[in-house]
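Q: Could you take a close look at one long helix in this model, and then set that helix beside the core and one of the chain contacts?

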Amino acid sequence: MRYIEQETVVRRMNGRMIINRLFQGLFLFATLLALLALVILLYRIVTQGAGHLSLDFLSNFASRFPEKAGIKAALVGSIWLMAVVAPTSIILGVGSAIYLEEYAKKGRITTFIQMNISNLAGVPSVVFGLLGLTIFVRALALGNSILAAGFTMSLLILPVIIVAAQEAIRSVPGELRDASYGMGATKWQTIVRIILPAAIPGILTGSILALSRAIGETAPLIVIGVPVIIQFLPAGVMDTFTALPMQIYDWSSRPQAEFQTVAAAGIIVLMAVLLFMNSIAVIIRNKFDKSY
Amino acid sequence: MNTATIKTNINTAQPAAETAQQVEKDSVYSTRQLNLWYGNNHALKNVDLEIGENEVTAIIGPSGCGKSTYLKTLNRMVELVPSVKTSGEIQYRGRNIFDSDYSVEELRTRVGMVFQKPNPFPKSIYDNIAYGPRIHGIKNRKILDEIVEKSLRGAAIWDEVKDRLNENAYGISGGQQQRICIARALAIEPDVILMDEPTSALDPISTLKVEELVQELKEQYSIIIVTHNMQQAARISDKTAFFLNGEVIEYDSTDAIFSNPADKRTEDYISGRFG
Amino acid sequence: MRTSVQDMIAQSKGKKNKKFIEKLIPVILFLIASVSVLTTIGIVMTLIIETITFFTRVPITDFLLGTTWLPFSNKEAQFGIWPLIVGTLKVTAIAILVAVPIGLSAAIYLSEYATDNVRRVIKPVLEVLAGVPTIVYGFFALTFVTPVLQSLFPEIKIFNAISPGIVVGIMIIPMIASLSEDAMSSVPKSIRDGALAMGSTKFEVAMKITVPAALSGIIASVVLGISRAIGETMIVSLAAGSTPKFDGDFAGSIQTMTAYIVQVSKGDAGYGTTIYYSIYAVGFTLFLFTMAMNILAGYMSKRFREEY
């Protein structure tokens, strides 16, 4: 007596294979839908904004008249902002990662810091804005300066940089550490001369991706009161400023349809900056592709 | 019953005989009643060993017997593993290496190490060799040049790499990498060189080169080599210690160990009955 | 020359410095590492203190139980949080309806069906999608998705919950797809091979083996997606409007918690006014919502990791 009838199995097999095909198609379709969204988004923005792009757009200040509106103050402001965010967040992030990976003893405190970092990564950016408003803008009286905004953004992207740097440090083979310690090197010498150089590609790639998140963030800037219409360039970190996403937000929320074109042009500039930063990250990743 | 008598023999009579033999030669390391635990795992048990100057001492035994652990204890690298505890003492040139005022960096500056897998730094060959001198404060380029050349010659690899000193050390073969690592250890002119199965990742020809090198190096250095390859121990060492389950079963001249082992377990191991 | 290098080492200066540095560095690094903890403390303290101030002016029961949010009213301002929560949940619900089917389909496709080449194309595209700033998505929602929806369903207003909901969904697709795919890919190949060897189709393997085995990881990804949707600010600020409503209307203007914070920050609600403090109370509520989601997601993914 046989429990399994080969014929029944074969008969059913056809149906099962059709279902398999069907769902494969469905899954692929859904995946392509996501890609389609990206294509439409990019296409729309380029077709809307390309017409307004010009050298004047880059070199003009904001204006009440759409045709005269330019992005100079925002572009320069964003660069200023990055000049504060990049060193602050990278020093804090890499320092924390070194501490957690190389010095901290595995125990409650380390687990706590680690848990805290992953929770911090999930805090909405607008809440970081409230932190910046209370601590940097008011308590430390930095006002709505580049420094206040820069510190706020640094804290916002800090978890991302810490995690990226930790991964980069962890991927340095233990044998290299052993070799260095075996030569009588101290811990700090080993970190500075062996571990960090080997981890730098990963650290840089992660940091650039984190910075490109910071350059596109809007909500914290609004909350700490970064203005939009600015007719001058900042001269120092204590000056007030505006940034690309702030400017785009302002243009997008204006009722006149012409300003939507201006906003789209601003988005193209922002996306170009992001593309530039990401290509640097890719180049670094490829150039330093693991030699060990 | 048999084993029990032998065991007492090892723990008492053997080291005594050893010390007697050692009178004419200085000992570099003398280990007394060394015990080591990884957490609750008792990895080394009452180890007593005297290691002679300008000799090659081989440490053999099946995997997990504690031979690598013992080697790593000699320069305290074993302490990089969390939860390691030790008791007993290891005298290096008359000083207990576990003394609180003996810095591990100082110890490791005197005692070089070569690892199982070639582990050059992802830097140029030159920077690999100059690493040790540099971290210890030697910055003069001319002196560094001299040290690099001398060390590479010492490791018998100068002729192969002298034109590519600025190339990444990962660009050369595994056997060459291992000799670069030996040269790197030589660069600070250590007193002792510890080798942890240095040829286990190498092909036979590279292995032969490293073995020849060990023979040359013993003129100037005391070498302690861990190996799972008994033929290798027989070929290159003067003394051999056989470890089993964290204990030293037998320690004698290599000739004696391989031709006339005193312990049944040593005999079983070297005749390939286990391991 | 035998001892010369060792001699030079012995003579080299800086031994004392070295010891000092070795002691100092861990202290400095510990201080740096504590910045992240201080940030959390700062956020929690800031929110709590300013929220307490808010509650000295507006009774906590009004805030928690009230169903009218009328902060700018000249006659009698009302601060019942529920309209903002309802607005947030409307957008989140639509976002999840969009993102979960698409994100999970993409994850299953990538982990079970796609060849390496296909994966190499799709994954970077998803990364790009994840890297698009939210302000850009907001612009897209307002100037493209809303008009398209309006041409299909004329009853939809210019500000509504549906358009930003869809776009928030698009925004979190990459997150759900990549985290779920990670969970599915870490189901051991041997289990999958076992099922395939018995004659299962790939679809059966996905549904009966991979998805059940990776379920807690998949749930974690969805929960994180919800958390992101709740905290999303710019898309809703641009496209959802600023009408806090306690009802089931999706077609007209609403307001979310995040959008309210932005609305107040943009305007000139002077420092020290009740409205100023209200953004902290709303922010605190928002923080609690996302924190609960993050802790839940962390718990789910930890459970998942323990299984393998």
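A: What follows starts with one helix and then turns to the core and an interface.

This is a predicted model, in which local features need pLDDT of at least 70 and side-chain atom pairs count only at pLDDT 80 or more, while totals for chains, interfaces and linings use all residues. Residues are numbered from 1 along each chain as its sequence is written, and chains are lettered from A in the order in which they are written.

Helix H2 of chain C (helices being DSSP runs of H or I, at least four residues, numbered from the N terminus) covers residues 15–57, and because its 43 residues at 1.5 Å each should span 63 Å, the 63 Å between its end C-alpha atoms agrees; the expected span is 1.5 Å times one less than the number of residues. H2(C) nevertheless bends by about 30° at C:Ser36, the bend being the angle between axes fitted to the seven residues ending there and the seven starting there. C:Ser36 is also among the buried residues of H2(C), which include C:Ile25, C:Leu29, C:Ala33 and C:Phe54; buried means that 20 or more other C-beta atoms, placed from the backbone, lie within 10 Å of a residue's own.

The largest nonpolar core (buried Ala, Val, Leu, Ile, Met, Phe, Trp, Tyr and Cys joined through C-beta atoms within 7 Å) has 274 residues, with A:Ile267, C:Val167 and C:Ile176 making the most contacts inside it. Its largest share, 18 residues, comes from helix H6 (residues 146–170) of chain A.

Between chains, 17 residues of chain A are in contact with 20 residues of chain B, contact requiring C-beta atoms, placed from the backbone, within 7 Å.

Definitions and conventions:
Helix = DSSP H or I, 4+ residues; strand = E, 2+ residues; numbered from the N terminus. Buried ≥ 20, exposed ≤ 12 C-beta atoms within 10 Å, placed from the backbone. Contact = placed C-beta atoms within 7 Å.
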